[in-house]
Amino acid sequence: MSLTLCNLHFTKRPEKTIYLSNALIKNFQLTGKKNIHIRLGKNRIPVLLKTVKKNGKHIYLTSAVRSAIQVPNNGGILIKSVEGDEVQLGPLIGILSDGPLSATKPFGSRTGFVKQLLKAGNQKSYTFGFTPRDIDWSNESVYGYFLNDSGGFVRRHVPLPDVVYNRLPSRRSDFSHATNQIRDRFERKNIPFFNWSFFNKSDIYKLIEDDQTVNGYVPESHLDPSMDLIKEMLERHQIVYYKPSSGSLGQGIFRLTYLPSRGYFCRYRKASGNVLLRFKTFKGLSRMLQTRLGSQAHDYVAQQGIRLVEIDRCPIDFRFHMHKNGKNEWVVVGIGAKKAGRGSITTHIKNGGSLMTPEQALSKAFGSRSSEVLQKSKEVAIKLAEAIEFHHKHVLGEIGFDLGIDQEEHVWMFEANAKPGRSIFRHPLLRTEGKASVEHILDHCLYLSQFHRREDT
Ligand SMILES: Nc1ncnc2c1ncn2[C@@H]1O[C@H](COP(=O)(O)OP(=O)(O)O)[C@@H](O)[C@H]1O
Ligand SMILES: [Mg+2]
């Protein structure tokens, strides 16, 4: 296989011919060949090959060829030749998301992020956004959202993508029957689809509980624990986090503590603020939890509470934004340190938390040991990502970890997010990492669609 970046042009001629500049003919060893195939996605047609005298790497497509294989636009694009008689344009990178019916914001609050991906992706691929409604399975095509020169959307019919980056916004839509069908269909067509779906906390803990390379980084966790088990965990750990397995944003989390001399305490967040309740006996605490949760308790996990390091007496933890790079290796691309708001049991910014760079936070918490602690936690994050991917059945390309570090410098994983939010990248000192994150997503798309650039291009 030979792969290179070229400049694609359209001509108005009617015949099914493609014109390649000498550099491309040489690059693909097509000298003397007259009949080849051109392909975009699964669209493939026979064409006549002609040479055009022009310096550099150029390809010209006639109107007939353009419409037959549904090429969305001209400009820089990767082209590869497979076994000497086919040239393939691409890749077609589809960003799957959803939102209200709207010409300008079809992906709701994610529209800005989708546009960022399209802008960066269009330097070397055909990157477009689409929603489940835009797929036409009978014609194997998608009515995608492309970016025009002025930064707005333009719709184009293109073949099914070569790779799909899944950013469906809600658990409800991600786990619906319709979405399951979409995933199955892409899988049956051998079109890589990542990330597969939202993670469930307890599924992830289970996935790696027997993996000795990483299970020491996960606090003891039990799905749908009995009240007796919670009591026993409180005796052993003094702190227990009781949290919804499929929750997010800190919603529905209870922090339980036991002080033998004073009894049981429960902290949680209500719309009106942070709440602290005290119970003399465990029975009082368990009755309150059972009344509040009812059958929702089946989705709850009781987890050993970790005493996080603190700054100004407020706990801090970290978001590690992990990506697969173009060589299919896990890398830490951005880290946000989150300091809990006063009295808050989580570090979410929405609950009064604040965001810092890891260097700022770790130097305050660990002084001269901070760079060593940072290095070690990066290694742990990579090990965790590798383990989750190894035990997971589907393709992964991105994970957002919520990691804590205790006084003894031990790293703990609280949660793995399959569709991590991007709020850490709004920090002025983390914008470069935000751009790198976008580049990594696209590089991984190139890798998965087998359009990864080699050194020889
Ligand atoms: N076992 C724990 N020990 C200490 N703090 C925890 C624990 N579990 C969660 N937290 C705190 O609560 C926050 C939210 O928990 P997380 O598991 O990430 O749930 P969510 O899905 O709501 O984000 C974490 O970022 C951390 O600050
Ligand atoms: Mg979290």
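Colleague: Happy to look at this with you! Which residue has a polar backbone atom 3.2 Å from an oxygen atom of ligand 1?

Modeller: Bear in mind that this is a predicted model. Ligand 1 has an oxygen atom with a polar backbone atom 3.2 Å away, and pairs of N or O atoms within 3.5 Å count as polar contacts. The residue that supplies this backbone atom is G247.

Colleague: And how much of the accessible area of ligand 1 does the protein cover?

Modeller: On its own, ligand 1 has 540 Å² of accessible area. There are 20 residues around the ligand, and K201, K243, G250, D317 and E415 come nearest. D317 places a polar side-chain atom 2.5 Å from an oxygen atom of ligand 1, while a polar backbone atom of I306 is 2.9 Å from a nitrogen atom of the ligand. The share covered by the protein is 98%.

Colleague: Lovely. Is α6 roughly parallel or roughly perpendicular to α10?

Modeller: Helix α6 spans residues 201-208 and helix α10 spans residues 370-391, with their axes 9 Å apart. The packing angle is about 90°, and angles of 65 to 115 degrees count as roughly perpendicular. Therefore α6 and α10 are roughly perpendicular.

Colleague: Which residues of α6 meet α10?

Modeller: By class, the contact has 6 nonpolar, 1 polar and no charged residues. From α10 come L384, A387, I388 and H391. Their partners in α6 are I204, L207 and I208.

Colleague: One last thing: which residue does a cis peptide bond join to F194?

Modeller: Most peptide bonds are trans. Here omega is about -10°, and the partner sits in the loop between β14 (193-194) and α6. That partner is N195.

How values were computed
Residues numbered from 1 in each chain as written. Chains lettered and ligands numbered in written order. Predicted model: local features only at pLDDT ≥ 70, side-chain atom pairs only at ≥ 80, totals over all residues. Heavy atoms only, no water. Axes fitted to C-alpha atoms, helices over the stretch in contact; angles between N-to-C directions. Helix = DSSP H or I, 4+ residues; strand = E, 2+ residues; numbered from the N terminus. Parallel < 35°, antiparallel > 145°, perpendicular 65-115°, else oblique. Contact = heavy atoms within 4.5 Å. Nonpolar A, V, L, I, M, F, W, Y, C, P; charged D, E, K, R; others polar. Near = heavy atom within 4 Å. Polar contact = N/O pair within 3.5 Å; in protein donor to acceptor, adjacent residues only side chain to side chain. Areas by Shrake-Rupley, 256 points an atom, 1.4 Å probe, with all protein chains shown as cover.
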